[in-house]
Amino acid sequence: MFRPKALGGALTALATVAAGVFLATAVSTSPAVAAGTGSGYLHTNGNQIVDSTGATVRLTGINWFGMETDNKTFHGLWSNNPWRGQLDTMARLGYNTLRVPYSNDALKPGATASGINDFVNPDLIGLSPLQILDKVIDYAGSKGMRIILDRHRPTSAGQSPLWYTSTVSEATWINDWKMLAQRYAGNPTVIGADLHNEPHAEGTNPAATGACWGCGDTTRDWRLAAERAGNAILGVQPNWLIFVEGVSCPSGGLSNVWDGDTSNDEDCGWWGGNLSKAGQFPVRLSVANRLVYSPHEYATSVYRQTWFDAPDYPANMPAIWDKYWGYLYKQNITPIMMGEFGSTLVDPKDKVWLEKLMAYTGTGVTGMSFTYWSWNPNSGDTGGIALDDWTNVNTTKQAILQPYLIAPSGGGPTGGPTGGPTGGPTGGPTTPPPGACTATYRQVNAWQGGFQGELTVKNTGSAAVNPWSVTWTWPAGVTLGSGWNATVSQSGTTVTAAAPSHAPSLAAGGSVTVGFTANGTASAPGAVKLNGASC
C-alpha cells in the first residue's frame with residue numbers, strides 16, 4: 001500500500017517562472033513519431049525516449065499496485081472485473097505503460113498470491129506471483145502496452161529509506177533484479193527497471209542515516225548504488241532502460257527543523273523526488289543511452305508542503321519543478337519519466353496542481369513521460385482512476401489527464417476515449433449503414449456452469465457512432481454475470497452493451513471490446529449489431 005511522505009526542511013526561495021508548455025532548446029527539428037509505444041526496445045536520445053527505429057516515444061502510463069503488499073499480486077483481482085478487463089480499460093483510456101510495484105517477498109520461491117476472486121479469475125488459481133505477472137505482461141504486450149518493473153519495497157511490511165535493510169541485503173536486491181532481467185530477456189514488452197522506490201532521508205543532520213545523493217558514502221549514496229544495480233542489470237539485459245528516482249534530502253538526513261537552528265537546514269523535497277544534485281553527480285551506466293530519471297511529485301492530499309501555501313500559488317510551481325528535476329529535461333540531459341503523481345482532488349488546490357503539472361510536462365509525443373498513481377481506488381491518500389468497483393472510472397481525473405495520453409497500438413482509438421469525433425447528426429445517436437461494422441469474439445475462460453468472453457466490435461463506417469450501443473443474443477438459459485467497458489444489461493435473450501459516459505463515441509475505424517462473464521453453457525454472441533445495424 002502506498003504510504004504518505006514525511007519531510008523536513010523548507011524550500012529555498014525560487015524565482016517564479018511562467019507556467020506553460022516548454023520545449024528543450026536543444027530540440028530544433030520535429031522528431032519522427034512512433035505509433036503508440038513504438039517497436040522493439042527503447043533507448044534515450046537527449047531528453048527523449050526513442051524506439052528501435054529512432055522514432056520518439058512518450059510513455060503515458062499508470063501504476064497498478066499490490067504485488068508489493070501481503071497479497072503479493074495485483075489488487076482488485078478480488079473484484080467482479082476480471083484482470084484482462086481492467087487492462088482493457090487502461091489501454092482504451094490511453095495508458096500505454098504499466099508500472100508494476102513489487103517487493104522482494106513476492107519473488108521468493110514458494111511465494112503465494114492471495115486476494116483473488118477465483119470465480120472471476122479462474123485462470124489465476126494456483127499461480128505464483130511471478131506466474132501471474134507473466135500473464136499480465138503477455139496480455140498487456142498484446143495490446144501494445146509496455147511494462148516498467150518497480151522494486152517498491154524490500155519486504156511487504158513497508159518502504160525503506162535505503163535500498164537494503166537488515167534482512168534484505170544489497171546482494172539480494174541486485175540478484176533479484178538480475179533474475180527478472182533474465183526472465184524477461186527477449187520480451188520487449190518489459191522495457192526497464194525502476195531500481196528502488198522513494199529513497200529518502202532518515203535521522204537528523206549531521207548524524208544522517210538515510211539515502212544521500214553525491215555524498216560519497218557507499219552505504220548511503222543512492223547515486224552510487226543506482227550505478228551498481230543498473231550496471232549489474234545491463235550486464236544481463238543491455239536493452240533495458242534504467243529508471244532512477246531521486247532522494248528527499250541530498251544529505252540523507254532530515255533538516256534540524258525542531259532545534260531552532262536553521263543555518264544547516266537544506267532544501268528537501270518529496271521522497272524520491274529530489275534530483276537537484278543529479279546534474280552535478282550524474283548516474284554513470286556502462287551502456288550509453290539507457291538512463292531515465294524518474295521523480296515523484298504529489299499534492300496536498302499526501303502532504304502539505306510549504307509551497308502550497310505560498311501567496312503566488314500555483315504560479316510558483318514551475319520553478320519548484322525546475323529545481324528538483326525539470327532542469328534535466330530542459331537542459332537536454334536525460335528524459336524524465338515521472339513515476340508517481342496523484343491526488344484525491346478533494347482539495348481545490350489539488351485540481352489546480354494537477355492541471356499545472358500536466359501542462360508543465362508538455363503536450364504531444366515530445367513531452368515528459370509519466371505513470372500516474374494509480375489505477376487502484378484503494379490508495380489511501382490519492383484514490384485511483386478506477387472507482388471502488390474496479391470497473392468504472394473517475395471522470396474528473398481522467399478528463400485532466402486525457403489530453404496528454406497516447407494510446408498504445410491496439411489499445412483503442414489514438415487519443416483515448418475522447419480523442420475522436422464527438423457527435424453524429426443533431427437530434428439523436430448515429431446509425432451506421434448495414435454492414436458498417438465487424439464483430440469478433442474470443443472466449444477467454446470456461447468453467448463448470450459459466451464462462452468469460454470478449455466481443456470486439458469495429459466501426460468500419462466513415463463516420464463516428466455517438467453514442468454507440470452493441471446488442472447480441474444468447475441461447476435461452478445463458479444469463480449475464482458481469483460486464484465491463486460498457487454498461488451491460490440483459491432482457492430475455494438479448495444483451496445490450498451501452499457506451500459508458502466517459503467514452504460515448506466510437507470513431508470511424510475504432511474498435512471497442514466488451515468483456516463479460518456469463519452463467520450457462522459457453523456460447524458465442526449471435527446477431528451482433530452496432531446501433532441496430534448488423535455486423
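How many helices and strands does the protein have? There are 7 helices and 22 strands. Both come from DSSP runs numbered from the N terminus: H or I over at least four residues for a helix, E over at least two for a strand.

This is a predicted model, in which local features need pLDDT of at least 70 and side-chain atom pairs count only at pLDDT 80 or more, while totals for chains, interfaces and linings use all residues. Residues are numbered from 1 along each chain as its sequence is written, and side-chain values use heavy atoms, with hydrogens and water left out.

**Start with the whole chain**

Show all 535 residues; buried ones make up 58% of them. Buried means under 20% relative accessible area, exposed means over 50%, and partly exposed falls in between (1.4 Å probe, protein chains only). Now think about contacts, meaning heavy atoms within 4.5 Å. Take those between residues at least 6 apart in sequence: 76% of them join residues at least 24 apart.

**Select 317-330: helix α5**

This helix has 14 residues. Its end C-alpha atoms are only 15 Å apart, short of the 20 Å that a straight helix would reach at 1.5 Å a residue. The expected span is 1.5 Å times one less than the number of residues.

Where does α5 bend? Go to Y324, where the bend is about 75°. That angle lies between axes fitted to the seven residues ending there and the seven starting there.

Next, look at the surroundings. In α5, 12 of the 14 residues are buried, so the helix is largely enclosed by the rest of the structure. Among the buried residues are W321, Y324, W325 and Y327. To see what covers them, add β2 (48-50), β9 (291-293), β10 (296-298), β11 (337-338) and α6 (348-361), which are included in the cover. Then step past the helix to N332, which has a positive phi, near 60°.

**Stay here for the rings**

Keep Y324 on screen and add W270, Y298, Y303, W307, F308 and Y313. These residues form one aromatic cluster with Y324. Rings of Phe, Tyr and Trp (its six-membered ring) pair if their centres lie within 6.5 Å; planes under 30 degrees apart are stacked, over 60 edge-to-face, and the rest tilted.

Now select K349. It lies over the face of Y313, 5.7 Å from the ring centre. The test for a charge over a ring is NZ of Lys or CZ of Arg within 6 Å of the ring centre and within 35 degrees of the ring normal. For a second case, select R84 and Y139: R84 lies over the face of Y139 at 5.5 Å from the ring centre.

The search of the whole structure finds 27 aromatic pairs. Select W173 and W222 for a tilted one: 6.1 Å centre to centre, with 40° between the planes. This pair links distant parts of the chain, with W173 in helix α3 (170-183) and W222 in helix α4 (222-236), 49 residues apart. W173 is buried, at a relative accessible area of 0%. W222 is buried too, also at 0%.

Compare W270 and Y298. Their ring centres are 6.2 Å apart and their planes are at 75°, so this pair is edge-to-face. W270 sits in the loop between β8 (241-244) and β9, and Y298 in strand β10, 28 residues apart. Both W270 and Y298 are buried.

**Switch to salt bridges**

The structure holds 18 salt bridges. Each is a side-chain nitrogen of Lys or Arg within 4 Å of a carboxyl oxygen of Asp or Glu.

Select K143 and D88. Their closest N and O atoms are 3.0 Å apart. K143 lies in the loop between α2 (129-142) and β6 (146-153), and D88 in helix α1 (83-93), so the pair ties together parts that are 55 residues apart in sequence. Is K143 buried or exposed? At 11% relative accessibility, K143 counts as buried. D88 is buried as well, at 3%.

Move to D194 and R99, another salt bridge, with closest N and O atoms 3.0 Å apart. D194 is in strand β7 (190-194) and R99 in strand β5 (97-103), 95 residues apart. Both are buried.

Finish on helix α6 with K351 and E355. Their side chains meet in a salt bridge of 2.7 Å, N to O. The two residues are 4 apart, about one turn of the helix. K351 is partly exposed at 35%, and E355 is partly exposed at 34%. For a last selection, take R99, D150, D194, E245 and E340: salt bridges that share partners join them into one network.
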